[in-house]
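Student: I am new to this structure and should be grateful for a close look at one part of it. Please take a single helix as the starting point and then follow the salt bridges.

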Amino acid sequence: MFDIPTAPTRVHYLFQENTEALQNAALLLGGPLWLKRIQNLFETLWTENFLHGRVRREINALHRLLTLVHVNDPSRPEAAYFKAIDPMSPHLEEISFLAYQLRQAFEEACYDKGLDCEEEERKYE
């Protein structure tokens with residue numbers, strides 16, 4: 001399980017239950033750089049129960065990746081990775097569901113911890 005002194009959040013459980021799917025989505029949409037980022041996030045969540053600072057920024061960045069925020073920006077590598085995906089691919093439906101689950105889990109965890117979930121996201125709009 002987790003090596004943290006307090007109870008894991010719903011985000012922790014989401015990452016535990018969807019480790020492979022999240023890694024596959026990160027690799028498909030963002031390449032090796034994103035795969036490494038999500039693996040680092042997994043390691044951090046494995047040992048920390050904090051959802052603020054770098055962890056919150058990384059979760060929000062992952063959510064932006066999964067919701068395809070940057071696919072229309074040709075200067076971003078995510079655009080090239082997305083262009084290579086078949087629009088009829090079942091992976092896109094799974095990615096969309098992961099994005100929804102991540103947002104729900106993050107909002108619940110922030111509420112439980114008394115954090116402002118939207119604070120970090122507003123910085124990127």
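Tutor: The account below begins with one residue and its surroundings and then turns to the salt bridges. The model is predicted, so that local features need pLDDT of at least 70 and side-chain atom pairs count only at pLDDT 80 or more, while totals for chains, interfaces and linings use all residues. Residues are numbered from 1 along each chain as its sequence is written, and side-chain values use heavy atoms, with hydrogens and water left out.

Gln-101 is located in helix H5, which covers residues 90-113; helices (H or I, at least four residues) are DSSP runs numbered from the N terminus. With a relative accessible area of 22%, Gln-101 is partly exposed. On this scale, buried means under 20% relative accessible area, exposed means over 50%, and partly exposed lies in between (1.4 Å probe, protein chains only). Setting aside residues up to four places away in sequence, Gln-101 touches Leu-14 and Asn-18, where contact means heavy atoms within 4.5 Å. Val-11 stands 90 residues from Gln-101 along the chain, and the C-alpha atoms of the two are separated by 9.0 Å.

Helix H5 also takes part in a salt bridge, a term that denotes a side-chain nitrogen of Lys or Arg within 4 Å of a carboxyl oxygen of Asp or Glu. By this rule the count comes to 3. In one of them, Glu-108 is paired with Arg-10, and the closest N and O atoms are 2.9 Å apart. Because Glu-108 lies in helix H5 and Arg-10 in helix H1 (residues 10-17), the pair ties together parts that are 98 residues apart in sequence. Glu-108 is partly exposed, at a relative accessible area of 35%, and Arg-10 is likewise partly exposed, at 36%.

A further salt bridge joins Glu-58 to Arg-37, with 2.8 Å between the closest N and O atoms. This pair links distant parts of the chain, since Glu-58 belongs to helix H3 (residues 54-66) and Arg-37 to helix H2 (residues 19-47), 21 residues apart. Glu-58 is buried, with a relative accessible area of 16%, whereas Arg-37 is partly exposed, with 28%.

There is also a salt bridge between Glu-78 and Arg-76, whose closest N and O atoms are 3.0 Å apart. Here Glu-78 is buried, its relative accessible area being 6%, while Arg-76 counts as partly exposed at 29% relative accessibility.

Notes:
Helix = DSSP H or I, 4+ residues; strand = E, 2+ residues; numbered from the N terminus.
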